[in-house]
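Work through the following exercises with the sequence and the model side by side. Each one sets a task and then solves it step by step.

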Amino acid sequence: MTGRIWAIALNTFREAARIRVLYGILVLVLGSNLLALFLGQLSAHESGRVARDVGLAGISLFGSLTAIFLGVFLLYTEVQRRTIHAIVSKPISRWEFVVGKFAGMVLVLSVLVGVFAAAMVAMLVLQGAGVSSGVVKAIVLCWFEVLTVAAIAIFFSSFSTPFLSGIFALAMWVIGRLTPDLEAATAFAAPWIRATTKLALEIVPDVHLFAVSGRTLDGSAVSVHGDFVSWGYVALAGAHGVGWIVALLALAALLFHRRDFV
Amino acid sequence: MSLLAARVCTRRKAVFCEGLADLAIDVRDLTKTYRTPFARKKVEALRGVTFSVERGHIFGFVGPNGAGKTTTIRTLMGLVRPTGGTATLLGEPLPSRVARSKIGFLPESPYFYDYLDVGELCDLAGRLFGLAAPLRKRRADELIEKVGLTRARGQSLKKFSKGMLQRAGLAQALMNDPELVVLDEPMSGLDPIGRKEVRDLILELRDAGKTVFFSTHILSDVEAITDRVAIIARGQLQAHGTPAELVSRALQGVDVTVRLPTQRDGDGALADGASRVRRVGDELSLTLGADTDVDAWITRAHAAGAKVLAIAPRHETLEDLFVRQVAEAKP
């Protein structure tokens with residue numbers, strides 16, 4: 001089983017590595033880090049803060065957008081180009097194929113997040129700001145966020161077109177990110193609006209858990225520039241993400257299992 | 001599932017599979033209906049298809065475009081879920097991963113990952129079949145040579161012609177040394193030499209004890225190599241048997257070629273009542289009806305100064321049968 005999943009994952013990695021858009025995103029992220037270097041020079045004694053904010057925002061934003069892009073296209077193109085015919089006619093289960101595609105995306109996205117993080121760390125070191133454990137935890141949280149978003153995109157891609165899957169995945173990511181703000185905004189609204197919002201937020205992964213810098217947790221402010229979350233929190237948030245990933249992949253596999261490949 | 005239920009289930013499977021041991025493929029009353037997404041219009045791609053393929057045979061599955069050949073094959077290979085009916089592959093009811101591990105499949109107009117080369121494609125197939133690395137390498141080397149792609153080994157599939165892709169597809173289909181080989185239009189896109197090579201490969205596979213099931217609409221290939229043949233049209237099986245069983249041995253007519261005297265312009269008297277009349281220069285070819293008195297016709301030809309060059313009886317061909325069956329297929 002693992003051999004077949006690994007074969008699909010490696011092939012997916014090779015396939016994704018040939019997508020030129022990814023190299024464009026890579027250049028964009030490296031450029032944004034250089035911009036952070038420039039902006040840091042303009043700000044008095046805040047160059048490290050700027051580098052951290054821009055770097056982490058770059059990992060989260062571009063990592064998630066890349067995850068959506070890869071997620072909605074990689075599964076869909078297999079069906080559209082009929083490359084899947086020669087694969088699922090072999091002794092491989094469809095769920096193994098879906099998991100293999102996701103594992104391949106995990107490899108690609110991990111490399112990307114690694115490169116983004118390395119660029120940010122290089123900027124911090126260049127500015128003499130150093131790398132705190134808070135930065136490392138924030139990077140790990142971003143990584144979980146990107147993987148969760150990838151699973152959302154794969155889920156939609158298992159039954160929809162890339163355009164619709166992209167819109168749905170983007171909407172879920174944005175709503176998931178804004179969950180606390182949406183809850184606060186509807187706190188004093190009519191009961192049915194509160195109930196509807198609560199229901200809607202329940203079915204969306206809580207990706208806001210991965211971007212906590214600047215928020216208040218359990219009554220105390222957390223910031224990547226100062227007191228940040230514990231490793232225990234990172235593990236819990238990661239477990240939450242893994243739970244969503246497993247659930248989304250299971251649903252994707254179920255939907256994929258019922259599809260006809262014509 | 002309780003132990004008792006599991007035993008009953010195994011026994012039922014054994015009973016079900018009893019008698020199917022000699023069959024590589026057994027299809028009973030297979031139906032497939034597609035529905036268009038919004039209009040919910042029904043399209044019946046397969047309408048109660050029933051046939052079986054014995055082990056060790058070459059089976060030709062023929063039909064015009066849109067007849068249901070590819071849908072049948074995709075259903076057998078687990079790409080499409082049947083709406084009704086049953087099918088077994090190598091004694092295993094569909095869908096069966098066990099059966100798929102013993103089957104080699106070449107899809108119609110094969111699309112592969114174009115960034116791979118043929119060796120990498122074979123390696124990927126070998127990994128999915130669970131073969132160990134040394135065996136994958138050995139099998140890939142053998143098969144790439146067998147399908148004549150050794151010189152193109154370093155090229156990505158993107159640069160392959162359609163015929164080369166077909167050969168690459170054959171190589172990946174045979175990686176697991178399959179018991180049953182299912183080929184959807186294997187001769188499509190191949191030049192005459194390529195077609196002959198594929199025919200030879202199919203015969204070679206049969207000689208090695210494999211079962212080969214292939215679809216095509218090239219009837220000469222079917223006549224040349226198949227043990228049994230099935231004709232499908234409009235989603236229904238029209239005929240099923242050996243080529244000799246299917247075509248009528250009754251005389252259909254007599255093909256005659258004569259050389260006309262140079263001074264003679266007309267050939268009306270000789271062509272009277274004949275069909276397929278064709279004149280090239282001073283040579284006249286025609287087909288006399290089955291009930292024509294050939295001796296009398298030859299005497300008449302000699303009297304007219306013509307010289308008989310060739311004369312041969314015409315029996316029904318698979319092509320005649322195919323055209324007849326397709327025309328008679330129920331809408």
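**Exercise 1: A helix and its two sides**

Task: find which elements of chain B the buried residues of α12(B) pack against, and decide where those residues sit around the helix axis.

Solution. The buried residues of α12(B) pack against β3 (58–62), α8 (219–225), β9 (228–233), β10 (236–241) and α9 (243–246) of chain B; contact here requires that the C-beta atoms of two residues, placed from the backbone, lie within 7 Å. Helices (H or I, at least four residues) and strands (E, at least two) are DSSP runs numbered from the N terminus. This is a predicted model, in which local features need pLDDT of at least 70 and side-chain atom pairs count only at pLDDT 80 or more, while totals for chains, interfaces and linings use all residues. Residues are numbered from 1 along each chain as its sequence is written, and chains are lettered from A and ligands numbered from 1 in the order in which they are written.

Next, list the residues concerned: in helix α12 (residues 318–328) of chain B, Leu318(B), Leu321(B) and Phe322(B) are buried. They cover an arc of only 100° around the axis, which puts them on the same side of α12(B); the arc is that of the directions from the helix axis to the C-beta atoms. An α-helix has 3.6 residues a turn, so residues three or four places apart point the same way. On the other side of α12(B), Ala327(B) and Glu328(B) are exposed. A residue is buried if 20 or more other C-beta atoms lie within 10 Å of its own, exposed if 12 or fewer, and partly exposed in between.

**Exercise 2: Strand partners in chain B**

Task: establish how many bridges join β1(B) to β4(B), and how many join β1(B) to β2(B).

Solution. Begin with β2 (residues 42–54) of chain B, which runs antiparallel to β1 (residues 23–35) of chain B and is joined to that strand by 10 bridges, with Thr31(B) standing opposite Arg47(B). Turn then to β4 (residues 84–89) of chain B, also antiparallel to β1(B), where the number of bridges is 5 and Ile25(B) has Leu89(B) as its bridge partner. Strands pair if DSSP finds at least two bridges between them.

**Exercise 3: The nonpolar cores**

Task: identify which residues touch the most other members of the largest nonpolar core.

Solution. A nonpolar core is a set of buried Ala, Val, Leu, Ile, Met, Phe, Trp, Tyr and Cys residues joined through C-beta atoms within 7 Å. The largest has 154 residues, and Ala150(A), Ala151(A) and Ile154(A) touch the most other members. Its largest share, 17 residues, comes from helix α6 (residues 133–157) of chain A. Not counting residues up to four places away in sequence, Ala150(A) touches Ala67(A), Leu70(A), Gly71(A), Phe102(A), Met105(A) and Leu109(A). Apart from this core lies another, of 11 residues, among them Val256(B), Leu260(B), Leu284(B) and Trp297(B).

**Exercise 4: Where the chains meet**

Task: determine which element supplies the largest share of the side of chain B that touches chain A.

Solution. First, 22 residues of chain B are in contact with 22 residues of chain A. On the chain B side, α3 (97–100) and α4 (118–128) each supply at least two residues, and the largest share, 4 residues, comes from α4(B).
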